[in-house]
Amino acid sequence: MESESGSLFLARLAPKGGKPQLFVIEQYPGVATATDRVQFVREATRISTLIHANLPRIRELRTRGDDLVVVRSYVDGARLSAVWPNVPGEGCRLPLDATLRVLIDMLGALGALHNLSDDKQPPLRIVHGQVCPANVLMGFDGASRLLRAIGRGAPGARLPPAGLDAPDA
């Protein structure tokens, strides 16, 4: 999937001796400066150490020239923006139990990001992406996940806009 801000791809990869798995490859083109690339990779590397039920797992990070590439776990589901259309006055509502489940899951994801620390220091002050219905993936397994957790980590990066659908949406 292409946009002027970035590209998203769905890939089937087979680890050595394992069965093929689906992954999402996000490419962020033309990050402005070397400093921006270093900051983005630092944030993504920190987040990749985090294993949390409400965050897609970052599997690999690469730089290709001025481009940044993030490989993350594929999650089968639908974006909250597709399930819960924002139509004022139409009374479109999710059931209360589903709404509370999404809210609890997003608070869990944000708490994990905000409290992420390493052995040497207090929380790392990760700057996450925009929290909006387009960046919440409701998994068919019942758990919701925050997409674009790296989001604002590289001020010079042209990140995919919130409306760009990932292959798992």
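What follows is a short exchange about a predicted model.

Biologist: What is the overall pattern along the sequence?

Modeller: The protein follows β-β-α-β-β-β-α-α-β-β. There are three helices and seven strands. Of the 169 residues, 43% count as buried.

Biologist: What makes E1 and E2 a strand pair?

Modeller: At least two bridges are needed. Strand E1 (residues 7–13) and strand E2 (residues 21–28) have seven, in the antiparallel sense. Therefore they count as paired. Alanine 11 stands opposite phenylalanine 23 in E2.

Biologist: How do you know that E2 also pairs with E4?

Modeller: By the same cut-off of at least two bridges. Six bridges join E2 to strand E4 (residues 67–73), so the two count as paired. They run antiparallel. Tyrosine 28 has leucine 68 of E4 as its bridge partner.

Biologist: Why is valine 70 called buried?

Modeller: Buried means under 20% relative accessible area. Valine 70 has 2%, so it counts as buried. This residue is found in strand E4. Leaving aside neighbours within four places in sequence, its contacts include Val24, Ile25, Phe40, Ile58 and Ile150.

Biologist: How far from valine 70 is isoleucine 150?

Modeller: Their C-alpha atoms are separated by 9.9 Å. Along the chain, valine 70 and isoleucine 150 are 80 residues apart.

Biologist: Which residues touch the most other members of the largest nonpolar core?

Modeller: Leu55, Leu113, Leu146 and Ile150, out of 23 residues. Helix H1 (34–48), E4, H3 and strand E6 (136–139) each give two or more residues to this core. H3 gives the most, with six residues. Leucine 146 touches, among others, Leu55, Met106, Leu110 and Leu113, not counting residues up to four places away in sequence.

Biologist: Why is leucine 100 called partly exposed?

Modeller: Partly exposed lies between the 20% and 50% cut-offs. Leucine 100 has a relative accessible area of 41%, so it is partly exposed. Leucine 100 lies in helix H3 (residues 96–114).

Biologist: What makes leucine 100 eligible for a nonpolar surface patch?

Modeller: A patch residue needs over 30% relative accessible area. Leucine 100, at 41%, passes. Its patch also includes Leu96, Leu103, Ile104 and Leu107, and covers about 500 Å².

Biologist: How do you know that arginine 101 and aspartate 105 form a salt bridge?

Modeller: The limit is 4 Å between nitrogen and carboxyl oxygen. Here the closest N and O atoms are 2.8 Å apart, so the pair counts. Arginine 101 and aspartate 105 are four residues apart in helix H3, which means about one helical turn separates them.

Biologist: Are these two residues buried or exposed?

Modeller: They fall into two classes. Aspartate 105 has 3% relative accessibility, so it counts as buried. Arginine 101 has 40%, so it counts as partly exposed.

Biologist: Why is arginine 145 called buried?

Modeller: Because its relative accessible area is 10%, and the cut-off is under 20%. Arginine 145 meets aspartate 141 in a salt bridge, at 2.6 Å from N to O. Aspartate 141 has 55%, so it is exposed.

Biologist: What makes arginine 62 exposed?

Modeller: Exposed means over 50%. Arginine 62 has 52%, so it is exposed. Arginine 62 forms a salt bridge with glutamate 60, with 2.5 Å between the closest N and O atoms. Glutamate 60 has 33% relative accessibility and counts as partly exposed.

Biologist: How many salt bridges are found in the whole structure?

Modeller: The search finds four.

Key. Residues numbered from 1 in each chain as written. Predicted model: local features only at pLDDT ≥ 70, side-chain atom pairs only at ≥ 80, totals over all residues. Heavy atoms only, no water. Patch = residues over 30% accessible without salt bridge, like charges linked within 9 Å, V, L, I, M, F, W, Y side chains within 5 Å. Areas by Shrake-Rupley, 256 points an atom, 1.4 Å probe, with all protein chains shown as cover. Salt bridge = Lys/Arg side-chain N within 4 Å of Asp/Glu carboxyl O. Buried < 20%, exposed > 50% of the residue type's maximum accessible area, 1.4 Å probe, protein only. Core = buried A, V, L, I, M, F, W, Y, C linked by side-chain atoms within 4.5 Å. Contact = heavy atoms within 4.5 Å.
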